[in-house]
Each structure stands twice: as structure tokens, then as C-alpha cells.
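I opened this model to look up its fold, its salt bridges and a few surface residues. My entries follow in the order I made them.

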Amino acid sequence: MRFTFDWLKEHLDTQQPLSAVVEKLSMIGLEVETVEDRSQALAPFRAAHVVSAQKHPDADRLQVCMVDCGEGNPVQVVCGAPNARVGMKAVFAPVGSYIPG
């Protein structure tokens with residue numbers, strides 16, 4: 001049977017971390033085969049704020065955006081989205097990120 005930790009916490013009156021609950025379940029005879037943390041695959045992604053957006057000097061359909069992703073200095077991003085504009089909030093995936101799916 002597969003279920004989320006949040007679902008289990010709806011039925012258990014506990015504030016214990018996941019590891020302690022898994023250990024207790026095993027101790028009472030309910031074998032826990034695996035525990036998956038799907039949030040780890042999304043860890044590199046950040047909410048970002050577009051600080052500036054200008055037309056790319058050498059391309060008609062690209063924009064050069066400065067994006068503040070909360071790490072101090074804004075990052076320059078070349079973007080193909082026609083709706084990218086100043087003030088927009090978006091998801092930022094740093095170089096080398098893998099989009100699960």
C-alpha cells in the first residue's frame with residue numbers, strides 16, 4: 001500500500017519525524033518497504049522575480065532578463081517566453097537542473 005506521510009499523520013496523533021514513525025511501524029510488525037522523498041527532485045528549483053526584461057540584440061524572439069532568485073545578485077537569463085516582463089514571478093532552474101517527469 002502506498003500513502004503519503006501527511007495522510008498517515010491525519011490518522012496518527014504524533015509530532016515525530018518520518019524516521020521515528022518508520023522505525024515504530026517496523027517495530028510493531030508493519031514492514032515499511034521504501035520511503036521516497038519526491039521533494040528532493042525539485043530541490044534546485046527556486047521562485048524567482050524578473051527584475052528587467054529587454055529584447056535580445058541579435059534575435060527577434062528572445063529576451064534578456066535579469067532574474068532575482070533570492071541568492072543575492074540577479075542572474076542573467078536568455079528567455080524565449082513572449083510573456084516575460086518586469087515584475088513577473090516564475091520558477092528558476094539553474095544550469096544543469098533536471099526536470100523530473
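**Entry 1: elements and overall dimensions**

I counted the elements first: the protein chain has two helices and four strands. Read from the N terminus, they run α-α-β-β-β-β. I note here that the model is predicted.

Next I looked up the dimensions. The C-alpha atoms fill a box of roughly 65 × 25 × 20 Å along the principal axes. The radius of gyration is 21 Å, where a compact globule of 101 residues would have one near 13 Å. I also looked up burial: 16% of the 101 residues are buried.

**Entry 2: the sheet**

In what order do the four strands lie in the sheet? I found S3-S2-S1-S4, an open sheet with antiparallel pairing. Strand S3 (75-79) and strand S4 (89-92) are the edge strands, each of which pairs on one side only. From one strand to the next the twist averages 50°. As a reminder to myself, strands of a sheet pair through backbone hydrogen bonds, in either a parallel or an antiparallel way.

I then went through the pairs one by one.

- S1 and S2 run antiparallel and are joined by six bridges. I picked out Ala-53, whose bridge partner in S2 is Cys-65.
- S2, residues 63-68, is joined to S3 by five bridges, again antiparallel. Here Met-66 has Gln-76 as its bridge partner in S3, and Gln-63 has Cys-79.
- S1 and S4 pair in the antiparallel sense over four bridges. Arg-46 has Phe-92 as its bridge partner in S4.

I also checked the connection between S2 and S3. The two strands form a hairpin with six residues between them. Gly-70, in the turn, has a positive phi of about 85°.

**Entry 3: salt bridges**

How many salt bridges does a search of the whole structure find? I got three. The general point behind the search is that side chains of opposite charge can pair when their charged atoms come close.

The pair I took up first was Arg-2 with Glu-36, whose side chains meet at 3.2 Å, N to O. Arg-2 sits in the segment before H1, and Glu-36 sits in the loop between helix H2 (18-27) and strand S1 (46-55), so this salt bridge ties together parts that are 34 residues apart in sequence. I looked up the exposure of Arg-2 as well: its relative accessible area is 68%, and because over 50% counts as exposed, Arg-2 is exposed.

Glu-36 turned up again with Arg-38, in a salt bridge of 3.4 Å, N to O. Arg-38 is exposed too, at 61% relative accessibility.

The remaining entry is Arg-46 with Glu-71, where the closest N and O atoms are 3.9 Å apart. This pair links distant parts of the chain, with Arg-46 in strand S1 and Glu-71 in the loop between S2 and S3, 25 residues apart. Is Arg-46 exposed or partly exposed? I found 36% relative accessibility, so Arg-46 counts as partly exposed. Glu-71 is exposed, with a relative accessible area of 59%. As for shared partners, Arg-2, Glu-36 and Arg-38 are joined into one network by their salt bridges.

I marked Arg-46 as worth a cross-reference to the sheet entry. Arg-46 has a bridge partner in S4, Phe-92, and a salt-bridge partner in Glu-71.

**Entry 4: a nonpolar patch**

Which residues form the nonpolar patch on the surface? I listed Met-1, Phe-3 and Trp-7, which together have about 400 Å² of accessible area. I followed up on Phe-3, which lies in the segment before helix H1 (5-11). The relative accessible area of Phe-3 is 39%; because this falls between 20% and 50%, the residue is partly exposed. Arg-2, from the salt-bridge entry, also lies in the segment before H1.

**Entry 5: Ala-93**

My last look was at Ala-93, in the segment after S4. Ala-93 is partly exposed, at 38% relative accessibility. I took the distance from Ala-93 to Ala-48: 9.4 Å in space, C-alpha to C-alpha, for two residues 45 apart in sequence.

Methods:
Residues are numbered from 1 along each chain as its sequence is written. This is a predicted model: local features need pLDDT of at least 70, side-chain atom pairs count only at pLDDT 80 or more; totals for chains, interfaces and linings use all residues. Side-chain values use heavy atoms; hydrogens and water are left out. Patches are made of residues with over 30% relative accessible area and no salt bridge: like charges are joined within 9 Å, nonpolar side chains (Val, Leu, Ile, Met, Phe, Trp, Tyr) within 5 Å. Accessible areas come from the Shrake-Rupley method with a 1.4 Å probe; for residues, only the protein chains shown count as cover. A salt bridge is a side-chain nitrogen of Lys or Arg within 4 Å of a carboxyl oxygen of Asp or Glu. Buried means under 20% relative accessible area, exposed over 50%, partly exposed in between (1.4 Å probe, protein chains only). Two strands pair if DSSP finds at least two bridges between them. Axes are lines fitted to C-alpha atoms, for helices over the stretch in contact, and angles run from 0 to 180 degrees between N-to-C directions. The radius of gyration is taken over C-alpha atoms; the globule rule is 2.2 Å times the number of residues to the power 0.38.
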